[in-house]
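The exercises below are to be worked through with the sequence and the predicted model side by side. Each task is followed by a solution that proceeds step by step.

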Amino acid sequence: MTPTPAATPTATGTAVKPVRPADLDRTDARGAEAAATYFLELYPYVMATGDTAEWDAMTFEKTCEFCTKISDAALAYSAGGKSVTGGDVHLGAVERLSKDSLTGIYPVRVNIRQDDSTLLDSSGSTIQVLEGISSTLIVETVRDDTGWLVAAVSVDA
């Protein structure tokens, strides 16, 4: 268990794809941390653009219901001419938890705050304002031959 303090929470731009961290190439706990944070940073970009390619490539579809729901929603919005603005993600403290020796899963605890976002129709009119969140998430990551996958995302109770 190695806590990684964040002096200043980092924010991701709504429609700007985050930069892929070099640590994603690592196969250890630091790689798991990079995978968890990068995946969460992709969220506003995926929702704003409907570009789910990298999100889907990091999703372990058999177990990550959260991941597939987000991808499905982003694709449906995009196909329907809808878009999402706002919803910037601010990451705070990140803590790498112990690897599960049986499954190979590296859980990562992440404090997250997400700004309000707005769902717009094809003309740019507001359909709905979605309230932001502040939470601590557990992102379960696992490494396979293709790279890091997210097996589950849950709220830390």
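**Exercise 1.** Describe how β8 and β9 are connected and paired, and decide how far β9 is covered.

*Solution.* Begin with the connection: a hairpin of two residues leads from β8 to β9. Next, take the pairing, in which β8 and β9 run antiparallel and are joined by eight bridges; one position to check is Ile138, whose bridge partner in β9 is Ser154. Finally, turn to burial, for which a residue must have under 20% relative accessible area. Seven of the nine residues of β9 are buried, so this strand is largely enclosed by the rest of the structure.

**Exercise 2.** Determine how β4 pairs with β5, and how many residues of β4 are buried.

*Solution.* The two strands pair in the antiparallel sense, over six bridges, and within this pairing Glu95 stands opposite Arg109 of β5. As for burial, β4, which spans residues 89-96, is mostly covered, with seven of its eight residues buried.

**Exercise 3.** Establish the strand order of the open three-stranded sheet and identify its edges.

*Solution.* The order is β3-β6-β7, with antiparallel pairing. The edges are β3 and β7 (126-130), since each of them pairs on one side only, and the twist from one strand to the next averages 25°. For the contact between β3 and β6 (residues 117-120), four bridges are found, again in an antiparallel arrangement; here Thr85 lies opposite Thr118 of β6.

**Exercise 4.** Work out which elements build the largest nonpolar core, and which of them gives the most.

*Solution.* The core has 33 residues, among which Trp55 and Val153 touch the most other members. At least two residues come from each of α1, α3, β4, β5, β8 and β9, and the most come from α1, which gives twelve. As background, nonpolar side chains in soluble globular proteins tend to be buried together.

**Exercise 5.** Characterise the largest pocket by its volume, its lining and the elements that supply that lining.

*Solution.* The volume is about 390 Å³. The lining consists of 25 residues, and those nearest the centre of the pocket are Tyr43, Phe66, Ile70, Gln114 and Ile133. Sorted by character, the lining contains 16 nonpolar, seven polar and two charged residues. The elements that each supply at least two lining residues include the helices α1 (29-49) and α3 (65-79), together with the strands β3 (83-86), β5 (106-114), β8 (133-144) and β9 (147-155).

Notes: Residues numbered from 1 in each chain as written. Predicted model: local features only at pLDDT ≥ 70, side-chain atom pairs only at ≥ 80, totals over all residues. Heavy atoms only, no water. 1 Å grid on protein atoms, 1.4 Å probe; cavity = no way out; pocket = protein on both sides within 12 Å on 5 of 7 lines; lining within 4 Å. Points joined across faces, edges and corners; volume = space filled by probe spheres on them. Nonpolar A, V, L, I, M, F, W, Y, C, P; charged D, E, K, R; others polar. Pairing = 2+ DSSP bridges. Axes fitted to C-alpha atoms, helices over the stretch in contact; angles between N-to-C directions. Buried < 20%, exposed > 50% of the residue type's maximum accessible area, 1.4 Å probe, protein only. Core = buried A, V, L, I, M, F, W, Y, C linked by side-chain atoms within 4.5 Å.
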